Amino acid sequence: MTTETDSDTAPPVRSPAPADVARRIEAILLIVDEPQSLVALAAAVGAPVPAVRQAVEGLVADYDGETGGPRRGFELREVGGGWRLYVRDEHDDLIAEYVGGQAPSRLSQAALETLAVIAYKQPVTRSQVASIRAVNVDSVVRTLLARGLITELFTDPETGAINYGTTDALLVNLGINSLDELPHISPLLDDGSDGFDAEVLR
């Protein structure tokens, strides 16, 4: 006589429906700052990688207007082995004009500190900045990007991490011609290294 084990009777784990997978992926992509691999997206939305791949391909086609709907002003682009939402290239001038036309406001202390780290350590990733400041800098980086003070320089092909640097707009705001005119950091620190992660300095 055979007996059924728990594994024999346990109901199979069901994956989310394809439409739910696509909606979940959209929600994740709206808040991330760096490209996400299919594996990372699969873990985030609780779906198999093949289902995520199919959903991503469907979203790309949808945003490109290939499914009968309008072509969107943004696109889902694969960069550095991951996926992320980007404004389409033809709208770069529009976005620059919009951001530049916003009423200027003072940067917070957190934004100023993050900007200083990027200015002195560029090219630098978000995680490196967070390590130096010992706080999460996601929202601050988004603010600095929106203000046009920093830009995405390149994406690391191995990790997918975006490296940031400052823009000419920062030079204009500081009234200098190049980053070489920034004051040396050592006199501003107790011993020339406080506030910087020793691993980053090497």
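Mentor: Before we begin, a helix here is a DSSP run of H or I with at least four residues, and helices are numbered from the N terminus. Please keep in mind as well that this is a predicted model.

Trainee: With that in mind, in which helix is Ala 22 found?

Mentor: The helix in question covers residues 18-29. Ala 22 is therefore placed, by that numbering from the N terminus, in helix α2.

Trainee: Is Ala 22 buried or exposed?

Mentor: A residue counts as buried when its relative accessible area is under 20%. Ala 22 has a relative accessible area of 16%, so the word that applies to Ala 22 is buried.

Trainee: Which residues does Ala 22 touch, not counting residues up to four places away in sequence?

Mentor: One partner is 37 residues from Ala 22 along the chain, yet the two C-alpha atoms are separated by 7.1 Å. That partner is Leu 59, and with the other contact included, the residues that Ala 22 touches are Ala 55 and Leu 59.

Trainee: Turning to the sheet, what is the order of the strands in the open sheet of three strands?

Mentor: The edge strands are β3 (124-125) and β4 (150-155), each of which pairs on one side only. Strand β5, residues 162-166, is joined to β4 by five bridges, while β3 and β5 pair over two bridges. Both pairings are antiparallel, and the order is β3-β5-β4.

Trainee: Which residue in β5 is the bridge partner of Glu 152?

Mentor: On the β4 side, Ile 150 stands opposite Thr 166 in β5, which gives one point of reference for the pairing. On the β3 side, Val 124 stands opposite the very residue you ask about. The bridge partner of Glu 152 is Tyr 164.

Trainee: How many residues of β5 are buried?

Mentor: In a regular strand the side chains alternate between the two faces of the sheet. Here Ile 162, Tyr 164 and Thr 166 point one way from β5, whereas Asn 163 and Gly 165 point the other way, and all are buried. Strand β5 is largely enclosed by the rest of the structure, because the buried residues number five of the five.

Trainee: Which helix packs on the sheet, touching β4 and β5?

Mentor: The direction of this helix makes about 110 degrees with that of β4. The helix covers residues 138-146, and its name is α8.

Trainee: Which residues lie nearest the centre of the largest pocket?

Mentor: The largest pocket has a volume of about 880 Å³ and is lined by 24 residues, which divide into 14 nonpolar, three polar and seven charged. The elements that give two or more residues to the lining are β1 (74-79), β2, α5, α8 and β4. Nearest the centre lie Arg 84, Tyr 86, Val 87, Ile 95 and Glu 152.

Trainee: Is Asp 89 buried or exposed?

Mentor: Asp 89 lies in the loop between β2 (82-87) and α5 (92-101), and its C-alpha is 8.8 Å from that of Phe 74, a residue 15 positions away in sequence. A relative accessible area over 50% counts as exposed. With 53%, Asp 89 is therefore exposed.

Trainee: Finally, what is the relative accessibility of Asn 136?

Mentor: Asn 136 lies in the loop between α7 (126-133) and α8, and the C-alpha atoms of Asn 136 and Arg 126, 10 residues apart in sequence, are 8.8 Å apart in space. Asn 136 counts as exposed, because its relative accessibility is 59%.

Key
Residues are numbered from 1 along each chain as its sequence is written. This is a predicted model: local features need pLDDT of at least 70, side-chain atom pairs count only at pLDDT 80 or more; totals for chains, interfaces and linings use all residues. Side-chain values use heavy atoms; hydrogens and water are left out. Two strands pair if DSSP finds at least two bridges between them. Contact means heavy atoms within 4.5 Å. Axes are lines fitted to C-alpha atoms, for helices over the stretch in contact, and angles run from 0 to 180 degrees between N-to-C directions. Buried means under 20% relative accessible area, exposed over 50%, partly exposed in between (1.4 Å probe, protein chains only). On a 1 Å grid over the protein atoms alone, a cavity is a set of points where a 1.4 Å probe fits but cannot get out, and a pocket is an open set with protein on both sides within 12 Å along at least five of seven lines; lining residues have an atom within 4 Å of a point. Grid points are joined across faces, edges and corners, and a volume is the space filled by probe spheres set on the points. Ala, Val, Leu, Ile, Met, Phe, Trp, Tyr, Cys and Pro count as nonpolar, Asp, Glu, Lys and Arg as charged, and the others, Gly among them, as polar.
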